[in-house]
Amino acid sequence: MLHPSGLPNQISSLDRTLVMGVINVTPDSFSDGGLFLDSKVAIAHAKQMLLDGVDIIDIGGESTRPGSERISAQEEIDRVLPVISEMAKTDAILSIDTMRAEVAKAAMSAGAHMINDVSGGKADPEMLVYVAQLTAPYILMHWRGPSNIMNTLTNYDDVVRDVTMEISAQVEVAVAAGISRDRIAIDPGIGFAKTVEQNWPILKHLDILDELGLPILMGASRKKFLGELLAKNGEARVMEERESATTAISTLMALRQTWAVRVHDVKATRDAIAVVDRLAQTR
Ligand code: PMM
């Protein structure tokens, strides 16, 4: 398994797809909106993820739901810090889901192990400068613009090739800023500046993205394209009932040795990966 460098030893030795569990400490996040705004609830949920076998817990304070407006950096810090500080007392491996250097700094000082930046360094000019000072992994996602306008940024000639080229270009920007290439994991950003239909060829042709030679994180959990796929009588399947489809994607990702999957239901995905892993070890 190709891991980014800088990953804590306890997971860098694993030879299977890693499970990143999502904790959104936001009132309006797209899939678990508001449920975990209370930090005590978020902490309890994160601890349950540990019991369920999570490898990385991804903590975010700003919603990236399509159409969502930005909050202040201070508000973002106030949301995530109590959860990170508490979870840093456990053996959990933590990532901070933020587009802001200031939030990333506060989170890393409080004990986070890596940065998950859905803007890949495009939203905050200070981000790559800051990340260059670290040795921790940096997750760089494909991003074309902020959530309030991203649904208008979906023009591609060939979505698979264009997304790959844009990620590749942004990786070069990160490297030029002083971040060593081997610390970077990439993510095609399912649902970010993509129509529902555009997500499918990206999933199908991940081998093109593999050509960049970097670990890939896939974040498809409970997203709209699954709701639309499973729609009945023109009504999208509700968020909570997209879990089997999400688990199917986790299984497919594990089969192709994708580095990590970012999911809400850790247990279901962990079980699916256990099956794939066991078969991989069977002669
Ligand atoms: N999706 C969301 C938030 N953060 N980070 C990465 N790296 N990849 C993603 O696909 C991603 C992300 C939005 O989904 P959520 O509201 O369920 O967290």
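Colleague: Let's start with Gln257. Is Gln257 buried, partly exposed or exposed?

Modeller: Gln257 counts as partly exposed, because its relative accessibility is 42% and that class lies between under 20% for buried and over 50% for exposed. Do keep in mind that we are reading a predicted model.

Colleague: And where does Gln257 lie?

Modeller: In the loop between H10 and S8. Have a look at its backbone too: phi of Gln257 is positive, about 60°, although the residue is not a glycine.

Colleague: What is the phi of Asn233?

Modeller: It is near 50°, again a positive value in a residue other than glycine. Asn233 sits in the loop that links helix H9 (224–229) and helix H10 (243–255). Asn233 is classed as exposed, since its relative accessibility is 78%.

Colleague: On to the sheet, then. What is the order of the strands in the open sheet?

Modeller: Reading across the 8 strands, you get S6-S5-S4-S3-S2-S1-S8-S7, with parallel pairing. Strand S6 (184–187) and strand S7 (217–218) are at the edges; each has a single partner strand, so one side of each has no neighbour in the sheet.

Colleague: Which strand is joined to S6, and by how many bridges?

Modeller: Strand S5 (residues 138–141) is joined to S6 by 4 bridges, and the two run parallel. To find the register in the viewer, pick Leu140, whose bridge partner in S6 is Ile186.

Colleague: How do I read the side chains of a strand?

Modeller: The general idea is that in a regular strand the side chains alternate between the two faces of the sheet. In S6, Ile184 and Ile186 point one way while Ala185 and Asp187 point the other way, and all of them are buried.

Colleague: Which residues of S2 point one way, and which the other way?

Modeller: Ile56, Asp58 and Gly60 go one way from S2, and Ile57 and Ile59 go the other. The strand is mostly covered, with 5 of its 5 residues buried.

Colleague: How many bridges pair S1 with S2?

Modeller: There are 5 bridges between strand S1 (residues 18–24) and strand S2 (residues 56–60), in the parallel sense. Two pairs give you the register: Val22 has Asp58 as its bridge partner in S2, and Asn24 has Gly60. On to S3: S2 and S3 run parallel and are joined by 4 bridges, with Ile57 opposite Leu94 in S3.

Colleague: Which strands does helix H2 lie across?

Modeller: Helix H2 (residues 39–51) lies across S1 and S2, and runs at about 170° to S1. Helix H11 (residues 266–280) also packs on the sheet, where it touches S1 and strand S8 (260–263), and its direction makes about 175° with that of S1.

Colleague: Now a single helix residue. Is Ala104 buried or exposed?

Modeller: Ala104 is buried, because its relative accessible area is 0% and the cut-off for buried is under 20%. Ala104 belongs to helix H4 (residues 101–109). Leaving aside residues up to four places away in sequence, Ala104 touches Ile96, Thr98, Ile115, Met127 and Tyr130.

Colleague: What covers the buried residues of H4?

Modeller: The buried residues themselves are Ala101, Val103, Ala104, Ala106, Ala107 and Met108. Their cover includes helix H3 (73–87), strand S3 (94–97), strand S4 (114–117) and helix H5 (125–131). Following H4 you will meet Gly111, with a positive phi near 120°.

Colleague: Last topic: the space inside. How many cavities of 30 Å³ or more are found?

Modeller: The general idea is that rolling a probe the size of a water molecule over the atoms shows where empty space is left. For this model, the search of the whole structure finds 4 such cavities, and the largest has a volume of about 50 Å³.

Colleague: Which residues line the largest cavity?

Modeller: You can select Glu62, Ser63, Thr64, Ser68, Glu69, Arg70, Met99, Pro146 and Ser147 to see its lining. By class, that lining has 2 nonpolar, 4 polar and 3 charged residues.

Notes:
Residues numbered from 1 in each chain as written. Predicted model: local features only at pLDDT ≥ 70, side-chain atom pairs only at ≥ 80, totals over all residues. Heavy atoms only, no water. Pairing = 2+ DSSP bridges. Contact = heavy atoms within 4.5 Å. Axes fitted to C-alpha atoms, helices over the stretch in contact; angles between N-to-C directions. 1 Å grid on protein atoms, 1.4 Å probe; cavity = no way out; pocket = protein on both sides within 12 Å on 5 of 7 lines; lining within 4 Å. Points joined across faces, edges and corners; volume = space filled by probe spheres on them. Nonpolar A, V, L, I, M, F, W, Y, C, P; charged D, E, K, R; others polar. Buried < 20%, exposed > 50% of the residue type's maximum accessible area, 1.4 Å probe, protein only.
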